[in-house]
Amino acid sequence: RGISSLSFPFVLIVIALSSFLVQVLPQDIPLPEDCAPPISGEQLWNNSYEYGKSGLFDEARVCFERYVSENPVIEKGWCLLSEIHARIGNPDGALSHSRVAARLGGETANGSEGLFLLANAYMGLHEYGKARQHYYKAIRLDPTHVSSMVNLGVVLGNNNDYAEAIPIYRKALEIKPDIMAARHNLGSALHTLKLFPEALQILESLVADEPACFECLLSLGHTLAEAKYLSRAKEMYRRGMEVKPHDPDALLNYYHTKQQVIDWEER
């Protein structure tokens, strides 16, 4: 239920990163013409970014590969390469690139994004202990990094550490109150710990703001059902079926709750 400091001389970093490119980023598709020389670094960045924004991740990957080969100490390029590899389903590539980004970012707030992506990559590899460690480190470097807080909460929840996750979600919402994932996951965590009044307060407010959020409707339905508000739970499941008419979870819970309401009313 429920996205180190530089320890080598500059020349050695450039050599290491250039070698890394050859080993990890094979040129398996042609470089798009608008990323080929002659082109300024700014235009190369913009074109690479546009490919990624448009969902053309293979093109974005080879364009950003060229960008970081020419600008190997710009941490943001490695961050985006890591994200691209994650999106194309290559967690090993995401891990390798985020390690470079984290090293370039250093022990400052600038390093938090690389650590966040490194933690994401560990999640993709199901190494949740390492993911947890790096999310915490990203938050230490940047106490306002809400994406790390939300994903850390997910990792903690997956390990049944809901009591530890709840204050982290709350902190994220203090910084950015409109994060739907944090609101939903906080409500679900409160539900799991059977703190139903608090869970209902969070989830009912969320559903009011996001009436077409299927997961929100189901989570509110689950909480209402367990708190024995069966008629209201049935209504949430019915609304969930309107959003996703053939979803088996919504259908099953709707008819199960409907039967419970009938049984109760017949007593």
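# A pocket, two cores and some salt bridges

The second largest pocket has a lining made of Y49, G52, K53, F57, F64, L80, E83, I84 and R87. Three helices, α2 (41–53), α3 (57–70) and α4 (75–87), each give two or more residues to this lining. The structure is a predicted model. The space in the second largest pocket comes to about 190 Å³. By residue type, its lining divides into five nonpolar, one polar and three charged residues. Helix α4 supplies the largest share of the lining, four residues.

## Helix α4

The length of α4 can be checked against its residue count. At 1.5 Å a residue, the 13 residues of α4 should span 18 Å, and the C-alpha atoms at its ends are 19 Å apart, which agrees. The expected span is 18 Å because the rule multiplies 1.5 Å by one less than the number of residues.

Which residues of α4 are buried? They are E75, G77, W78, C79, L80, L81, S82, I84 and H85. Of these, L80 and I84 also appear in the lining of the second largest pocket. After α4 comes G89, which has a positive phi, near 80 degrees.

## Nonpolar cores

The largest nonpolar core holds 52 residues, and the members that touch the most others are F64, W78 and Y135. Another core, of 18 residues, lies apart from it and includes C216, L218, L220 and M236. F64 therefore has two roles to note in the model: it belongs to the largest nonpolar core, and it is part of the lining of the second largest pocket. 

## Salt bridges

The model has 14 salt bridges. Three of the pairs are set out below, with the distance between the closest N and O atoms.

| Pair | N to O distance |
|---|---|
| E70 and R66 | 2.7 Å |
| K194 and E226 | 2.5 Å |
| E242 and R238 | 2.3 Å |

E70 and R66 both belong to helix α3, where they stand four residues apart, about one turn of the helix. How exposed is each partner? E70 has a relative accessible area of 41%, so it is partly exposed. R66 is at 13% relative accessibility and so counts as buried, the cut-off for buried being under 20%.

A similar question can be asked of E242 and R238. Both lie in helix α13 (residues 230–243), four residues apart, about one turn of the helix. E242 counts as exposed because its relative accessibility is 54%, and exposed means over 50%. R238, at 30% relative accessibility, counts as partly exposed.

Where in the chain do K194 and E226 lie? K194 sits in the loop between α10 (180–192) and α11 (196–209), while E226 is in helix α12 (residues 214–226). The two residues are 32 residues apart, and the pair links distant parts of the chain. K194 is exposed, with a relative accessible area of 51%. E226 is partly exposed, at 35% relative accessibility.

Salt bridges can also join into a network, as they do for E107, K137 and R140.

Key. Residues are numbered from 1 along each chain as its sequence is written. This is a predicted model: local features need pLDDT of at least 70, side-chain atom pairs count only at pLDDT 80 or more; totals for chains, interfaces and linings use all residues. Side-chain values use heavy atoms; hydrogens and water are left out. On a 1 Å grid over the protein atoms alone, a cavity is a set of points where a 1.4 Å probe fits but cannot get out, and a pocket is an open set with protein on both sides within 12 Å along at least five of seven lines; lining residues have an atom within 4 Å of a point. Grid points are joined across faces, edges and corners, and a volume is the space filled by probe spheres set on the points. Ala, Val, Leu, Ile, Met, Phe, Trp, Tyr, Cys and Pro count as nonpolar, Asp, Glu, Lys and Arg as charged, and the others, Gly among them, as polar. A nonpolar core is a set of buried Ala, Val, Leu, Ile, Met, Phe, Trp, Tyr and Cys residues joined through side-chain atoms within 4.5 Å. Buried means under 20% relative accessible area, exposed over 50%, partly exposed in between (1.4 Å probe, protein chains only). A salt bridge is a side-chain nitrogen of Lys or Arg within 4 Å of a carboxyl oxygen of Asp or Glu.
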